[in-house]
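Hi there,

Here is the structure I promised to pass on. Have a look at it first, and my notes follow underneath.

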Amino acid sequence: MEGRGRTPILTAFLYLGLCQGPRNWGQAEAPPPKPSIWADPTPRVTKGSTVTIWCQGSLQAEVYHLYKERVSKPVDTEDPQDSSDQTSFSIESMSSHTAGLYQCAYSTSRNSWSERSDPLPLVVTGAYGAPSLSAHPGSVVASGWKVFFFCSSENTPGTFHLLKEGGADLPRHVESKTYHGRGQGVFLVGPVNTSHGGTYRCYYNPSSYPFVWSHPSNPLHLEVTGEGPPDASVSWDPKMTDVSRVPSKDMW
């Protein structure tokens, strides 16, 4: 009699368990975290130099894959380093063939894949002759003034890039304009303050090779001193081919 009495109770518990089931039944498993990617020591690498691409994902990652734009399969595969959440890919000699956009992704033991990282533009420098760099009204200006940086090259058409050494700001880019058979890019910086002071260089790349840059220009050190005039609107006519025709400090 006791055994017969327990049967309905046991059946009820089993029924409730089957109905409730595991709490994650029918729920899709969350995808692995998106990895991050960066280049060491810098994403702008001199021709022939070594660069390391790092990919950081998850402690659950089993294999990391490195992808290059316009290449269908991974260009490299690496295991995580020392049971960490990251790994590295080395390029021993940077060239125009290794320059380009890179992404990384990883797979886990559950055969799930992360999405690809954001693209990393990897640039090779030193492929073309160095452009020239100058500043107007000069390399020493008062705080509050605006400065025109002129980057000029014999190569056209293409893009010019202005970089500040040791600066956290991203490079500035302008399309080349042809003046008297030379390509020229003009960068307007300012109104300047002491944080704009430092050493600047510019680079050039032809339109068909966006990740293959020239040698760097001559270094130009900008010194910002004292207090200048209040912010004044300065216009620049793209037809101006002579630095002397740029609005001068007398107009401010």
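To start with a small puzzle: which residue in E15 is the bridge partner of Thr178? It is Gly183. Please keep in mind that this is a predicted model.

That pair belongs to E14 and strand E15 (residues 182-189), which run antiparallel and are joined by 3 bridges. Both strands sit in an open sheet of 4 strands, ordered E9-E11-E15-E14 with antiparallel pairing. At the edges are strand E9 (132-136) and strand E14 (177-179), each pairing on one side only. From one strand to the next, the twist averages 35°.

Now to the interior. The largest nonpolar core holds 25 residues, and Ile53, Met94 and Leu122 have the most contacts inside it. Among the elements that give two or more residues to this core are strand E1 (36-40), strand E3 (51-56) and strand E8 (120-125). E8 gives the most, with 4 residues. Another core, of 19 residues, lies apart from this one and includes Trp145, Phe160, Phe187 and Val192.

Met94 deserves a click in your viewer. Beyond its neighbours within four places in sequence, Met94 is in contact with residues including Val45, Val51, Ala99, Leu122 and Val124.

A word on confidence: the mean pLDDT of the chain is 83, and 78% of its residues reach 70 or more. Over residues 8-26 pLDDT stays under 50, and the model has 0 contacts beyond four places in sequence for them. Residues 231-252 also stay under 50, but there the model has 33 such contacts.

Best wishes

Methods
Residues numbered from 1 in each chain as written. Predicted model: local features only at pLDDT ≥ 70, side-chain atom pairs only at ≥ 80, totals over all residues. Heavy atoms only, no water. Core = buried A, V, L, I, M, F, W, Y, C linked by side-chain atoms within 4.5 Å. Buried < 20%, exposed > 50% of the residue type's maximum accessible area, 1.4 Å probe, protein only. Contact = heavy atoms within 4.5 Å. pLDDT = per-residue confidence, 0-100. Pairing = 2+ DSSP bridges. Axes fitted to C-alpha atoms, helices over the stretch in contact; angles between N-to-C directions.
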